[in-house]
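Trainee: I'm new to this structure and would like a close look at one part of it. Could you take me through one helix and whatever surrounds it?

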Amino acid sequence: MASHGRQPSSSSKFNFHLSGAQHFWSETETAAYATWINTQLANDPDVASHIPIASDGTALFQSLKDGLILAKLINLAGPGTIDESKLNLKPKGPIHITENLRKVLAGATQIGVQVHNVGTEDIMKGTPHLCLGLVWQIIKFGLLGSVSPGGKSLNSSFENLSSKSRNEQTSSRERALLDWLNATLFAAHCPRQVTNFGTDLSDSVALAYLIEHVGQDRSQLNAASLIESEADLAVRAETVLQAAARIDCRQFASAEDIVEGNKNLNLAFVAVLHNAYVASRQTNILRRELEGLKADAQRTTGDKDQNITRLQQRLQEALDDAQRYQADRDEARRQVREAKMQAEDKVNALKQEQEDSNKKIRDLEISNATTQAQVVNLTTERDKAMKWLDESVEYTRKLEQERQAAAAKAAALSEQLQQSNQRAAQLQDQSAQLLNKNMNSLREESARRAKELEDQLESALNEKEALQKELSSSRKRLEEKNQSLATDNAATKELLRAAQQSIADLEQQARTFASEREESSRKQIDLEAKVQALTLERQSLQQQLASKNSLSEQQSQFLEVELSTLKEQLRSIEQRNADLQRQNRSLSQEKQDAADRAKELEE
């Protein structure tokens with residue numbers, strides 16, 4: 001794991017770039033993380049196409065887009081967190097990449113990384129400040145894995161902690177690393193203590209004493225001499241890093257980062273020194289145990305076979321314990337994977353349920369729109385029916401007015417007929433008087449008038465026959481007009497005018513024949529017959545008008561029944577619309593409940 005630090009950059013002191021709206025990212029940190037990733041994944045065939053990552057520009061962010069490097073980093077920090085067999089190692093499109101990134105974000109959350117502001121789209125776009133923050137959290141978690149707050153090991157119990165507890169443990173590990181640093185400085189007789197990984201390390205004093213204590217003779221560093229002899233902070237920092245390289249710990253920080261007090265890179269550098277120190281102590285402990293076992297073996301040469309057997313037993317017990325521990329760990333991981341799969345199944349089921357609810361809501365919305373359209377159509381038809389009913393009522397009212405007018409005209413005709421009868425009686429009386437007064441003159445002229453009267457009688461008979469034909473024609477015309485009365489009120493008026501004209505003609509004929517005595521009697525009889533016939537026709541017309549009025553009343557009743565039926569249908573449709581709205585609200589509530597349940601399961 002030997003790694004040479006980056007050369008001091010000639011850029012500005014802070015070396016930041018602007019990303020998006022008011023977001024900055026550090027080029028020095030980007031280069032440091034890229035270098036560390038190259039050393040850790042150099043021999044991994046799954047990401048061979050991405051390694052090495054260029055340490056300048058945005059190459060790091062571009063290499064994270066398919067999620068493979070992030071998944072490898074998470075498994076380095078927390079072994080077994082992501083099932084690599086389910087990764088799309090050769091993604092063929094956005095769908096495969098999105099699946100990888102979802103597993104990455106889920107795995108990052110599982111080990112305690114904050115991903116609230118990071119989405120799959122941000123990683124696919126290579127958003128610098130978000131990608132850089134995510135990479136740093138994963139690297140920091142892995143580097144602080146062996147740091148033990150309070151002197152207790154975290155590795156055995158960390159898998160059982162919740163995400164919130166892991167975040168708190170990560171913060172406590174960072175504080176524990178700072179405590180370890182101060183304890184080591186105290187043991188190394190350093191004249192100072194530190195409170196942060198930034199400015200307190202910028203003069204390299206604490207780092208020099210730390211590397212001298214951790215590396216011992218291998219570091220070839222005398223901290224006190226270096227501090228006394230070298231006042232240039234950049235040169236002093238480079239000397240410290242060269243000493244770190246001799247013990248294979250030169251990683252992350254450059255001399256410029258140390259002088260500038262880069263907190264993240266200095267923390268990572270100190271964590272590397274801590275991990276090397278812990279590994280060295282464990283190696284020394286094992287070496288001392290091995291030397292003690294060798295000494296015991298030499299002291300008990302006579303019991304060599306017994307010691308070997310005991311050692312073999314102890315070794316076998318240790319192997320059995322290791323196997324049991326491995327089996328327990330595998331079982332725990334299997335249970336975790338099964339729990340994850342069950343949770344994913346539940347989330348998928350809830351998502352399917354939510355999709356079904358959305359589909360039902362869409363169907364109800366379509367049905368509701370259709371129903372509303374039907375309501376609009378029925379409302380339009382109802383308006384049309386109401387308009388038609390109003391027109392029918394108006395038409396009936398007009399018919400009633402015309403019926404009343406016809407009745408008035410019939411009454412007038414009846415009065416005229418009565419007057420005609422009275423005049424006929426008067427004429428008869430006058431004729432009788434004239435007959436008495438002029439009997440003698442009539443006898444003298446009877447012979448002369450007989451012929452004339454016979455001629456007149458023949459003419460009267462002819463006229464009577466013509467009148468009968470005319471009356472028959474009038475009756476026929478009245479019948480035709482009566483048939484068309486139901487569709488046209490003007491026909492009724494025409495029939496009345498024809499009747500009035502016929503009465504006028506009859507009255508004129510009655511006046512003509514009244515001058516003749518003999519013909520007056522016969523024409524009086526004919527006139528009465530005609531009047532009776534006209535009276536019958538008048539009665540027939542009144543009956544027809546009454547029948548038409550009754551038909552109009554029946555039509556009005558039928559229209560009222562139809563209107564009542566339409567109103568009932570409209571009320572039924574409005575009730576159905578209200579029911580659909582209630583169902584819509586109920587489905588919306590179910591959709592919200594399903595979304596809340598899905599959100600709770602995801603959390």
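Mentor: Let's start with the whole chain, settle on helix α1 and its surroundings, and then visit a few other spots.

Keep in mind that this is a predicted model. The protein chain has 16 helices and two strands. Of its 603 residues, 35% are buried. If you take the contacts between residues at least 6 apart in sequence, 64% of them join residues at least 24 apart.

Now for helix α1, which covers residues 27–40. A good way in is the largest nonpolar core, a set of 85 residues. Within that core, Y33, I37 and F252 touch the most other members. Helix α6, residues 128–143, supplies the largest share of the core, with 10 residues. As background, nonpolar side chains tend to be buried together in soluble globular proteins.

Y33 and I37 turn up again where α1 meets α6. On the α1 side of this contact you'll find E29, T30, Y33, W36 and I37. Facing them from α6 are L132, V135, W136, I139 and L143. Sorted by kind, the residues of this contact are eight nonpolar, one polar and one charged.

How do the two helices sit against each other? In general, a packed pair is described by the angle between the axes and the distance between the axes. For α1 and α6, the angle is about 50° and the axes are 11 Å apart. The pair is therefore oblique, because an angle of that kind falls outside the ranges for roughly parallel, roughly antiparallel and roughly perpendicular. The crossing of α1 past α6 is left-handed.

Stay on α1 and find N38. Is N38 buried or exposed? With a relative accessible area of 16%, N38 is buried, because the cut-off for that label is under 20%. Setting aside neighbours within four places in sequence, N38 is in contact with I51, P52 and I53.

Two of those partners deserve a pause, since I51 and P52 are joined by a cis peptide bond. Omega there is about 0°. P52 belongs to the loop between α1 and α2, the latter being residues 59–63. Although P52 is in contact with N38, P52 itself is exposed, with a relative accessible area of 67%. You can also look from P52 to A42: they are 10 residues apart along the chain, and their C-alpha atoms are separated by 7.3 Å.

From here, move along the chain to helix α7, residues 163–187. E174 is in this helix, and at 18% relative accessibility E174 counts as buried. Leaving out residues up to four places away in sequence, E174 touches K140, L144, F197, K263 and L267. K140 takes us back to α6, the helix of residues 128–143.

After α7 comes a loop that leads to α8, residues 205–215, and S204 is in that loop. S204 has a phi near 70°, a positive value in a residue other than glycine. What is the relative accessible area of S204? The value is 0%, so S204 is buried.

The helix that follows, α8, is mostly covered, with nine of its 11 residues buried. Those nine are V205, A206, L207, A208, Y209, L210, I211, V214 and G215. Just after α8, there is another positive phi, about 55°, at Q216.

You can compare that stretch with D248, in the loop between α10 (233–246) and α11 (255–260). Phi of D248 is also positive, near 60°, again in a residue other than glycine. Where S204 is buried, D248 is partly exposed, with a relative accessible area of 45%.

One last stop is helix α16, residues 517–602, where E537 is found. E537 counts as buried, at 13% relative accessibility. Its C-alpha atom and that of E479 are separated by 9.5 Å, with the two residues 58 apart along the chain.

To go over the main part again, picture α1 meeting α6 through residues such as Y33 and I37, and N38 in contact with I51, P52 and I53.

Conventions. Residues numbered from 1 in each chain as written. Predicted model: local features only at pLDDT ≥ 70, side-chain atom pairs only at ≥ 80, totals over all residues. Heavy atoms only, no water. Core = buried A, V, L, I, M, F, W, Y, C linked by side-chain atoms within 4.5 Å. Buried < 20%, exposed > 50% of the residue type's maximum accessible area, 1.4 Å probe, protein only. Helix = DSSP H or I, 4+ residues; strand = E, 2+ residues; numbered from the N terminus. Contact = heavy atoms within 4.5 Å. Axes fitted to C-alpha atoms, helices over the stretch in contact; angles between N-to-C directions. Parallel < 35°, antiparallel > 145°, perpendicular 65-115°, else oblique. Left-handed = near helix turned anticlockwise from the far one by under 90°. Nonpolar A, V, L, I, M, F, W, Y, C, P; charged D, E, K, R; others polar.
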